[in-house]
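Got a few minutes to look at a protein model together? Have the structure open while you read.

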Amino acid sequence: MKPPEARQEAGVAAFDATDRALINALQGGFPLCDAPYRDVGEPLGLSEEEVLVRLQSLLERKVLTRFGPMYQVERIGGAFVLAALKVPAADYEKVAAAVNALPEVAHNYRREHALNMWFVLATETPEGIAAAIDKIEAATGLEVFAFPKEREYFVEMKLHA
Amino acid sequence: MPDAIDDLDRRLIVATQAGLPLVPRPYHALAEQLGMSAGEVRRRLAAMLESGIIRRIGAVPNHYALGYRHNGMTVWDVDDARIDALGAQVGALPFVTHCYRRPRRLPDWPYNLFAMVHGKDRAATDAHVAEIARLLDGACRAHDVLYSSRILKKTGLRIGG
């Protein structure tokens, strides 16, 4: 008989009710005061040390992908562009490795469609996007379909834990 | 136009883009690292929050770990004359985390509205898609839902020091 944690579905980390409350509390505005972790813990009945230990563990177990300021890169002159490739099935792993190797690739997802690889390019200047696209086309021999955003209607990463 | 940031803002961004220090006095730790006062660190972060360079300071959950395992990129071919009004309404739905207008890539890609929806099971996500379809009724010619079947890379924004 496997221990309970081993029976978790693959890729999904376990977290308890206290972690859940902490995740929800940390999705709001984090205080800009001397001891912000203490202030976040107080209403939850957690000490500063407990908040830090749990937060560290949630990040290590990848329940949280990150904790800190979320920067809007376009506001400081950078660029974000969603792009996609039609990757032949036989070449998928090779192309994924070539695309992921570029530091400009922030996220990359496999999706089920003729356009089956979707990634986000993040660069410090708008010109950096075109250069990254050229590099990907040269490395893979595939056409990059770029989908720069024309209007942003809503962006919010919060989800209730 | 990009907002003006100075060299100290830039160093602060580089120091925090991977996350805030997990220590009891995180702003003091940054201050020490950057050779400015903790008050200056907090003032600069507050100013960047105010101007929108920082969207918020907080935790970014891994959707899968929180149980949102059916995450679909829904895409819609919406009448150009109505997309801005409708896009704002789609973005306001509680299960939509990102909503953008993007260019079509004909003939491969007829869709101009992208909305990420999240559900804990397939039925929940299907219900969300149906709700968007009702909202767009009469203005939408076609739609598709691209489920992510694998995360190939997820590192987030990195700008150089």
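What follows is a quick tour of chain B, with a stop at chain A on the way out.

Keep in mind that this is a predicted model. Let's start with how chain B is put together: count up its pieces and you get five helices and five strands. Walk along the sequence and they turn up in the order α-α-α-β-β-α-β-β-α-β. Is that chain more spread out than a compact globule, or less? With 161 residues, the globule rule gives 15 Å, but the radius of gyration of chain B is 20 Å, well over that value, so chain B is more spread out than a compact globule. The C-alpha trace spans about 60 × 35 × 25 Å along its principal axes.

Now for what is tucked away and what touches what. In chain B, 51% of the 161 residues count as buried. Take the contacts in chain B between residues at least 6 apart in sequence: 63% of them join residues at least 24 apart. On the outside, chain B has an accessible surface of about 7,100 Å², and carbon and sulfur atoms own 51% of that area.

Charges come next. Here are the two sets of charged side chains in chain B:

| Set in chain B | Count |
|---|---|
| Positive | 22 side chains |
| Negative | 17 side chains |

The centres of these two sets lie 6 Å apart.

Finally, hop over to chain A. It is divided into domain 1, covering 14–60, and domain 2, covering 73–147. Taken over C-alpha atoms, the centres of these two domains of chain A are separated by 35 Å.

Conventions: Residues numbered from 1 in each chain as written. Chains lettered and ligands numbered in written order. Predicted model: local features only at pLDDT ≥ 70, side-chain atom pairs only at ≥ 80, totals over all residues. Heavy atoms only, no water. Helix = DSSP H or I, 4+ residues; strand = E, 2+ residues; numbered from the N terminus. Rg over C-alpha atoms; globule rule 2.2 N^0.38 Å. Buried < 20%, exposed > 50% of the residue type's maximum accessible area, 1.4 Å probe, protein only. Contact = heavy atoms within 4.5 Å. Areas by Shrake-Rupley, 256 points an atom, 1.4 Å probe, with all protein chains shown as cover. Lys, Arg positive; Asp, Glu negative; His and termini not counted. Charge placed at Lys NZ, Arg CZ, Asp CG, Glu CD. Domains from an automatic or database assignment.
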